[in-house]
Amino acid sequence: MVEPWNWKCMRCGHDYVEEYDPKAAMTERSCPECRSNSVRPIESVAKAKAKS
Amino acid sequence: MMDAGRHPNIKLLTYSEVADVSGYVGNFKVTVRQKARYVDATLCNACGECEKVCPATHPDEFQMGLSTRRAVYLPFPQAVPSAYLLDMETCLGTNPIACGKCAEVCEKQAIDYDDQDELTVIEVGAIVVATGMDVYDPTALDEYGYTRYENVITSMEFERLICAGGPTIGHLIRPSDQKTPMRIGFIQCVGSRSLRDGAGYCSNICCMNTVKDTLLIRDHYPAAECSVFYIDIRAFGKGFEDLYDKSREAGVKYIRGIPGEISEIDGGNLRLIVENTTEQRMETHEFDMIVLSVGVRPRSDDASIRRLLTLSTTAEGWLMESHPKLKPVDAPTKGVYIAGCTESPKDVKDSVTQAGAAAARVGALLNAGKVTVESITCHIDQEICNACGLCVDICPYGALSADKKAKIKASVVDAACAGCGTCGATCPQGAITMRHFTDAQIIAQVDALLAEKSEEKVIVFACNWCSYAGGDTAGISRMQYAASCRLIRTMCSGRIDEDFVLRAFREGAPVVLVSGCHFADCHYIDANRQTVKRLYRLWKYLEKRDIRPERLQLEWISAAEGPKFQKTMNQMEELRQTVTAEEIAHTVEVLAKEEEKKRARRAKQAQQRQSAETEVPAG
């Protein structure tokens with residue numbers, strides 16, 4: 001299911017939110033700040049909220 | 001079409017669809033479902049008597065719904081074979097027979113209500129995919145009122161209206177009152193070049209189609225006024241600019257600007273508001289009829305063909321060629337070729353050119369009688385394979401087969417394997433060896449590069465086709481980049497095993513970069529998607545062990561991106577300088593312990609396997 005996820009750039013450290021579905025076909029992603037492809041999904045926003 | 005139908009070496013299977021494809025280049029087995037047409041095509045002589053008595057009607061698809069057809073019908077006048085078919089959805093019913101008039105009047109007794117779909121298996125050496133495209137449906141664009149206003153039509157509907165074989169026998173009329181429209185407006189780029197409608201690309205054919213239509217109108221109805229609203233006219237082909245000039249000379253008005261809204265006024269006439277961007281003013285125009293020059297879309301029902309032939313698509317959904325310049329009609333799967341609008345929007349001339357090229361490629365392949373494949377393919381050690389089937393799931397070419405339930409171990413068809421190495425990096429048992437890019441060869445390179453002053457090195461895994469070539473581009477352009485970056489070439493980034501990355505860190509590498517082709521450029525269909533999944537896992541793995549995940553980097557670099565290669569390498573060097581000796585020592589220690597555990601686990605598994613084998617009674 002596509003839902004907002006927290007993403008982190010492994011190059012510049014920028015944290016941002018972008019839609020992601022771990023089961024769907026992958027798309028090429030890049031950091032909105034530095035354009036690096038070293039971006040990583042941390043966890044879904046919903047899950048993060050539930051934790052906090 | 002007639003020529004193809006009569007050719008002794010061509011067998012046309014119309015009203016059919018591909019149900020399954022198996023095999024590989026030179027040895028494909030294609031299962032075709034021939035749909036029941038309920039009329040025996042070998043007996044039908046297209047006399048049309050059945051159509052005359054058929055009481056059931058349906059909008060005629062060929063005439064874009066501008067006229068109707070009967071339940072028993074000829075799809076279009078030039079259809080091959082020239083035989084009727086019965087549309088069971090429209091027919092009043094055959095179980096029990098509700099009408100049966102078509103069967104009563106058919107002298108040839110060609111009507112067969114009990115006809116069934118038939119599956120035929122065909123053995124072929126090569127496959128050409130030419131499945132065409134769809135036309136954009138502008139109903140969603142509320143501002144143009146398509147389907148709300150009768151006199152707003154699409155360019156495809158207009159095409160049928162002015163065609164001699166169309167519902168009006170070529171007489172131009174407008175739908176609301178069947179009068180000849182004397183003021184006609186054309187709106188370009190409807191469903192094209194607009195990200196709002198999901199198609200940022202140019203549909204290629206619409207501009208010249210409109211130019212041709214306006215010339216036809218002016219030729220047949222000299223008093224008719226034509227206005228074309230456009231973003232820019234793309235008349236790039238041979239003779240196209242001349243045609244555009246002729247259209248303007250014939251009095252067609254070209255107004256730069258895309259209308260914002262259409263509204264209906266008295267008597268079915270239409271008013272549109274547009275910003276004339278040449279004269280920078282708002283204008284209002286009135287027309288008798290407006291034609292929406294609609295763009296094209298990839299076929300919505302192409303998915304099964306893509307899946308069966310392991311084809312990949314662009315972000316918009318057009319089929320990807322193997323290489324845009326060097327192999328423009330080859331699909332990434334060997335023995336499969338693409339032609340026409342399934343690859344990208346194009347006109348008849350370009351489609352014919354591409355079809356000719358595809359036919360020539362097929363001819364060259366089949367006439368050779370044998371296929372030379374690259375020696376870079378995978379080899380499966382049957383002793384080690386445990387038939388888990390992971391490699392089968394991720395192979396982009398469907399070259400591997402295994403059966404987990406039946407415990408049939410993995411095997412590979414060398415002719416179908418393209419040598420990306422993704423299976424080798426995925427196999428948890430280490431049963432797959434990539435010829436020329438074996439684990440031992442790559443690990444030996446890692447070890448050699450880090451044998452001395454490892455803390456001063458950045459290990460860069462680069463794919464052969466893009467990232468490594470990007471390094472070449474940077475090199476031949478004399479771009480200076482950090483000397484600490486040491487490249488290890490693999491055919492695809494999908495080959496980069498998690499163990500290679502961990503080995504580099506264990507040997508003291510401060511930073512590891514994994515690089516490959518951009519998604520759209522992947523030379524192995526979608527093998528580099530596996531790279532990303534692996535990186536996600538590795539980042540998590542490193543983080544869990546208190547190793548800074550930022551030390552592992554990922555970058556997609558194309559062969560043309562020399563400057564990006566240079567910038568990335570310099571960034572890696574900057575990152576390397578932030579990694580302390582303590583960090584490296586900690587990483588080496590942690591990963592060495594992990595390796596110990598892994599070895600112990602594997603030894604235990606091997607022992608268990610061995611003891612299980614010895615326990616099996618002989619015979």
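**Domains.** I started with how chain B splits up: domain 1 (2-133), domain 2 (135-297), domain 3 (304-368) and domain 4 (452-523 + 535-619), with bounds that come from an automatic or database domain assignment. I then took the centres of domain 2 and domain 4 of chain B over C-alpha atoms, and they are 56 Å apart.

**Ground rules.** This is a predicted model, where local features need pLDDT of at least 70 and side-chain atom pairs count only at pLDDT 80 or more, while totals for chains, interfaces and linings use all residues. Residues are numbered from 1 along each chain as its sequence is written, and chains are lettered from A and ligands numbered from 1 in the order in which they are written.

**Helix 12 against helix 15.** I looked up helix 12 (residues 467-476) and helix 15 (residues 562-578) of chain B; helices here are DSSP runs of H or I with at least four residues, strands are E runs with at least two, and both are numbered from the N terminus. Their axes are 7 Å apart at an angle of about 95 degrees, with axes fitted to C-alpha atoms over the stretch in contact and angles running from 0 to 180 degrees between N-to-C directions. The two helices of chain B are therefore roughly perpendicular, a label for 65 to 115 degrees.

**Helix 13.** In helix 13 (residues 498-506) of chain B, I found B:Phe500, B:Val501, B:Leu502, B:Arg503, B:Ala504 and B:Phe505 buried (20 or more other C-beta atoms within 10 Å of a residue's own, C-beta atoms being placed from the backbone). Just after helix 13 of chain B, B:Gly508 has a positive phi of about 100 degrees.

**Chain contact.** Last, I checked the interface: twelve residues of chain B contact ten of chain A (C-beta atoms, placed from the backbone, within 7 Å).

Note on methods: Two residues are in contact if their C-beta atoms, placed from the backbone, lie within 7 Å. Angles under 35 degrees count as roughly parallel, over 145 as roughly antiparallel, 65 to 115 as roughly perpendicular and the rest as oblique. A residue is buried if 20 or more other C-beta atoms lie within 10 Å of its own, exposed if 12 or fewer, and partly exposed in between; C-beta atoms are placed from the backbone.
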